[in-house]
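Biologist: I have a model open and some terms to pin down. Take me through them, with the reasoning.

Modeller: Gladly. Here it is.

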Amino acid sequence: MEKKTLLVAEHIDKKFGITHAVNDVSLTIAAGEIRGLIGENGSGKSTFCQMLCGIYTIGGGTFILDGQELHIRNQVDANNAGIAIIVQEMGTLSGLTVAENIYLGHEEPFMHAGIKDSRAMNREAQKLLDEYGFSRIKAGVMIDHYNFEDRKLVEIVKATYMKPKILVIDETTTALSQNGRMELYKIMDAVRADGRTVIFISHDLGEVLAHTDTVSVLRDGEYIDTVASAEVTEDDLKRLMVGREIGSAYYRTDYGRPVSDEVVLTVDKVSVPGELDGISFELHRGEILGFGGLSECGMHEVGKAIFGASWNREGSVKLADGTEINDIPTAISHSIAYASKDRDNESIILNESIRNNIVLPSLEDLASHSLLNGRKLTRFADEQAKNMQTKMQGVGQFVSDLSGGNKQKVVLARWLGKGSDILVLDSPTRGIDVKVKQAIYALMAELKDRGRSIIMISEEIPELLGMADRILVMKDGKINGEFVRDPGLGEQDLIAKMV
Amino acid sequence: MSTRMQKLKGTKAYGYLMLAAMVLFFYAVFKILTPDNFGSPDRLYSYLQSSIIYSVGGCGLYFIVVMGLFDFAVGSNVVLSSIIGVILSRQFGYIGFVVGCLGCGLLIGTLIGTLYNQLNVPSMIVTVGLMLILECVAVIVAGGVKQTLAPELRFFSGAPGNIILAGLAFLLMYFILNYTKIGTYCNAIGSNEFTAKNMGINVKKYKLIGFMLLHFFVGIMAILTVSYGTTMTALTGMSTMSRNFQPLMGTFFGVAFKKYGMPITAIVVGEFIISMIFSGFVALGAPTTIQNVVTGAALLVIVALTARGGRGSVVK
Amino acid sequence: MKKIIALVLALTMLCGLMATAHADDKIKIGISIWSSTDTLGSEVKRLIDAAADALGVETQWVDQAHISEQVTASAETLAMADCDGIIICNSASAEMGSVIKTCDENEVYVAQFFRVINEAANPDEYAQAKASKYYVGCVHESEFDNGKTLVTILGNKGCRKIGLEGWEPGDATFLGRWEGYKAGVEEWNAAHADDQIELLEPQYGRTTTDTGRQAAEAIIDANPDIDALIVAGGGGDTLLGAIAGIEAKGLTGKIAVVSTDFLPDLDAKLESGAMAAESGGHYADPFFAFLMVYNAIKGNYATSEDGFYEMIFPYMFVDSPASYADYAAYFTGSELPYYADEIKALAEMSYDDLAAACGALSVEDVVTRHAK
């Protein structure tokens, strides 16, 4: 039976200055459907949804929901119209309780003559949390006491408790552990079963195909096509996203290449209270050493520990020449680079230019008698950014204007400009579209060939299998398994050591 | 840390424990050093009374500090509102006094909030400018003459009047924070203004409300100040600036203890600790300069212990 | 809207600037004072304004709250405002180095009031003052004698444990008075071996009534057995606060309060026992500094590059309602110690005659001249 049309988007348009973010996009979505929405970074998919949800005002065109034209000024209007969004970043507010976050902007049911009934609000919020199976989260407690994942779960409750007609999930799964993702998929299925609709945005094409009914593709702000998930493969989607055939070499294709015996970095009995428990390993020249595991297994702390960024680390991190790495300046001066998983907060300075981000660790090298030459810095940054094929207006452009993929390119450009020999990359392709991912994988392979050593920390098993020479699987802060690159190595082998 | 302790940490009970520990600590230090002339019950009562004026101001400042704003016009408001209250009291008695102080405070808050919203410049700059203007207005209104509150209108100069009025102010703040949207929205705006706006919160409206509430509380502070001192002289030359800082110290305590859900208690106890330190040094016969050094250091230590970000966290 | 508000503010500023423009042919004298509106400050202003009126002099006032950087800035402000001369009440003597330099550079005559640069304590500033052609001199009271006399009065009234409340640590006037208090105590104790006076270390009540009260209450809490409190000064508000604090504790009349700077209702306070004695009536001190600078500008008083004028102004002491009555009648309200014709006559005097007139000023002197 043909499903009833729920949402019609007619000629939706949006410009940000000279950037035409969404260009005359028209599509329809049915009720009781999970629609995937994919595209490269800068394709307009997030902007399209953010207009639907009231985060941005509509530049042109109309949304028609259930036959009614929508007039949305902000998220509350969108909520009232039956549209909710779960965002990629932190969507809850510190300084408020869990209940206050859930009902923020919708306190009216608990207001009597201007007086707020906090008890009733807490009670209702706790009921919701219990219904969702999140009873360990207490409604009356300040949200600051909960970690990122729990706060995301609260956000999910906030977005869905009003049973919106359309639920937009914007690249949320990258922030969740496996357990968290399972919860989210359950909710998506429940929404669909209820005859309501989910728009699911993700860069994980496998996930998109597994959990959606149909997939719409945007490219460069324009609508390309909508396909049935059951009838296409990931390669088909990639082709639609990019507009051409992606080369078969997405990941590395070489197997059996020996790794050098030369040890460049030794990590010996490193512990970080509550995170790492006596891990030891060696990194070889020209090796891509992968770290995998569940979200809280401690692998992300490995990167910080190696870079000297863990203030309470025990054990030793030593270079081949015996230099102990105990702080960040020593790490940088001894050619170690680090790209954090939390790119926007820990790797990049958003309110600064591309140029200043790239030259930052290299200023001493670029200075002449302690003086800096602006033109020299600009030339240097320009060269590094272009080497990475960064899509930008110029190195004077602020990083905050760039897409996630281009921000990551700026991070890599910085460290390559510094000439780092050891690169610690934590989730290097998180939130990045397939074309940029491919470029980063190619770069990693090239760096390996040039004798640089890479530690790649990733929650994406295909990425580990595809790129690493050796994979260390972590569990509960310890190394629980070690695998050498082999065409027969599969996801189940790694998962068995993770759980 | 034991599991029980970890569970306790972050709860209101823990917050109360921390405050009590601080009070006990400072009390013990001075009681040991100078047992005969410090810390008897009637003296403690005296320390409390001299601190509650600033606690009231600290409560008012909380509304805007929590939103990341600042206000240097508090002192000039105290002066101007006091003067207007005293002038009106001559014709209308207590009603004129109270309405004059509160009304003037509210008007000033409305003016500051409106200017801030319209001019779109940092609050610090707006309020410094207003401070200079309000000081001059106070001189003009006072006619260059010291304003003295009539003896028969000094109910709020000491107990029980000052305790009652301050208590009402604290109750009002408790009500606003816990039973209206204002507290929630001020916290939301302070946490992430962009997200708050996206939640449909009228950010400008609530910033205006924040300033109005602050200066209303400063109006209450003016009643207590002029009743306490009996007179008020209008002064120019940014001399009112020094009145801004004592209530602000209490606000810092309030913000530090916000995560325990007890800002009002923290403000009152914080000001009491500062008053106790001041009196303790007087009891020791120490000069004012040492007192100020230690008060400042105590504030740094206390806020660092309660509000310090983890190592490696970003602090501005 | 933002532009309209900005325009209105700019116009306001412009009007303010225009109001301060002055005619070139008039002498202009700037007055740098801690406050022109508190008890003492407003009385100073009353007499200076009368003198300016009588002599056709334009004045410019700057209130600096005795904040160091504002004191030094006030001299620059007044020099830039085309003042021909400045009279200044600084806070600490160290500020005078900068003030004198500014006046030398801008060829502006300057004199201090209520202040003197102590040669022993500030030798550099003293030498600079002596060498400056534009530093005319100073008018000051003998704070030492003032302090000593007040303590003697307290001793005679039976007070034996005296609390001390200053207003700002390091203030030159307070330091002078403090030396006097200590000397008075030493003298008393030397003469009364079995009947000693104890003077406590000072606490500081700043210059507002609420801080004055807070300091007084703290002193009493820490020393409940004091029978006297010296409120050293601070423009009057500190004293009012202290009196309120004593009253709140029910100790009016039980703690004898003395101070410097007459209160407007001193008679009532003496009557009720809220005050035991006060020295003051010295609001005419700046008036003489004003006349010194006026005559220096006119070229009547030669200034030296190896010295300066120093005029001592006498305090008046009052310790009963009766002794205050005449002061009140001739110095307060709309009365001033000098009428316009007397001001003109004083302005014509030689320095020595002016200094003699200054030293001769007393309640009796004014009663004689202005007897109704």
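Modeller: Start with burial: a residue is buried if 20 or more other C-beta atoms lie within 10 Å of its own. By that count, buried residues make up 55% of the 372 residues in chain C. Keep in mind that this is a predicted model.

Biologist: What share of chain B and of chain A counts as buried?

Modeller: In chain B, 54% of the 316 residues are buried. In chain A, 45% of the 499 residues are.

Biologist: What makes up each chain in helices and strands?

Modeller: Chain A has 18 helices and 21 strands. Chain C has 15 helices and 13 strands. Chain B has twelve helices and two strands. Its pattern along the sequence is α-α-α-α-α-β-α-α-α-α-β-α-α-α.

Biologist: How do you know that helix α2 of chain B has the span expected at 1.5 Å a residue?

Modeller: The expected span is 1.5 Å times one less than the number of residues. Helix α2(B), residues 12-33, has 22 residues, so it should span 32 Å. Its end C-alpha atoms are 32 Å apart, which agrees.

Biologist: Why do you say that the buried residues of α2(B) line one face?

Modeller: Gly15(B), Leu19(B), Met22(B) and Phe26(B) are the buried ones. Seen down the axis of α2(B), the buried residues fall within an arc of 55 degrees, so they line one face of the helix.

Biologist: And which residues are exposed on the other side of α2(B)?

Modeller: Exposed means 12 or fewer C-beta atoms in that count. On that other side, Ala13(B), Ala20(B), Ala21(B), Leu24(B), Ala28(B) and Ile32(B) are exposed.

Biologist: Now the sheet in chain C. What is its strand order?

Modeller: The order is β2-β1-β3-β4-β5-β12 in chain C, an open sheet of six strands with parallel pairing.

Biologist: What makes β2 and β12 of chain C edge strands?

Modeller: Each has a single partner strand. One side of β2 (58-63) and one side of β12 (309-313) of chain C is therefore left without a neighbour in the sheet. On average, neighbouring strands of this sheet are turned by 15 degrees against each other, direction ignored.

Biologist: How do you know that β5 and β12 of chain C pair?

Modeller: Pairing needs at least two bridges. Strand β5 (residues 135-141) and β12 of chain C have five bridges, in the parallel sense. So the pairing test is met. Within this pair, Val139(C) stands opposite Met311(C) of β12(C).

Biologist: Which helix packs on this sheet?

Modeller: Helix α4 of chain C, residues 95-106, packs on the sheet. It touches β3 (85-88), β4 (109-113) and β5 of chain C. The direction of α4(C) makes about 155 degrees with that of β4(C).

Biologist: Chain A has an open sheet of six strands too. What kind of pairing is found there?

Modeller: Mixed pairing, in the order β6-β9-β10-β3-β11-β12 of chain A. The edges are β6 (83-86) and β12 (222-228) of chain A, each with a single partner strand, so one side of each has no neighbour in the sheet. Neighbouring strands of this sheet are turned by 20 degrees against each other on average, direction ignored.

Biologist: Which strand of chain A pairs with β9(A) in the parallel sense over five bridges?

Modeller: Strand β9 (residues 166-170) does so with β10 (residues 197-201) of chain A. There, Ile169(A) stands opposite Phe200(A) in β10(A). Helix α5 of chain A, residues 148-160, packs on the sheet and touches β6 and β9 of chain A. Helix α8 (residues 234-242) of chain A lies across β3 (34-38), β11 (214-219) and β12 of chain A, at about 30 degrees to β11(A).

Biologist: Last, the chain contacts. How many residues does each side bring where chains B and C meet?

Modeller: Two residues are in contact if their C-beta atoms lie within 7 Å. Chain B gives 31 residues and chain C gives 33. On the chain B side, α11(B) supplies the largest share, four residues. That side divides into nine nonpolar, 20 polar and two charged residues.

Biologist: And how many residues are in contact between chains A and B?

Modeller: 21 residues of chain A are in contact with 22 residues of chain B. The chain A side of this contact has nine nonpolar, eight polar and four charged residues.

Terms used: Residues are numbered from 1 along each chain as its sequence is written. Chains are lettered from A and ligands numbered from 1 in the order in which they are written. This is a predicted model: local features need pLDDT of at least 70, side-chain atom pairs count only at pLDDT 80 or more; totals for chains, interfaces and linings use all residues. Axes are lines fitted to C-alpha atoms, for helices over the stretch in contact, and angles run from 0 to 180 degrees between N-to-C directions. Ala, Val, Leu, Ile, Met, Phe, Trp, Tyr, Cys and Pro count as nonpolar, Asp, Glu, Lys and Arg as charged, and the others, Gly among them, as polar. The arc is that of the directions from the helix axis to the C-beta atoms.
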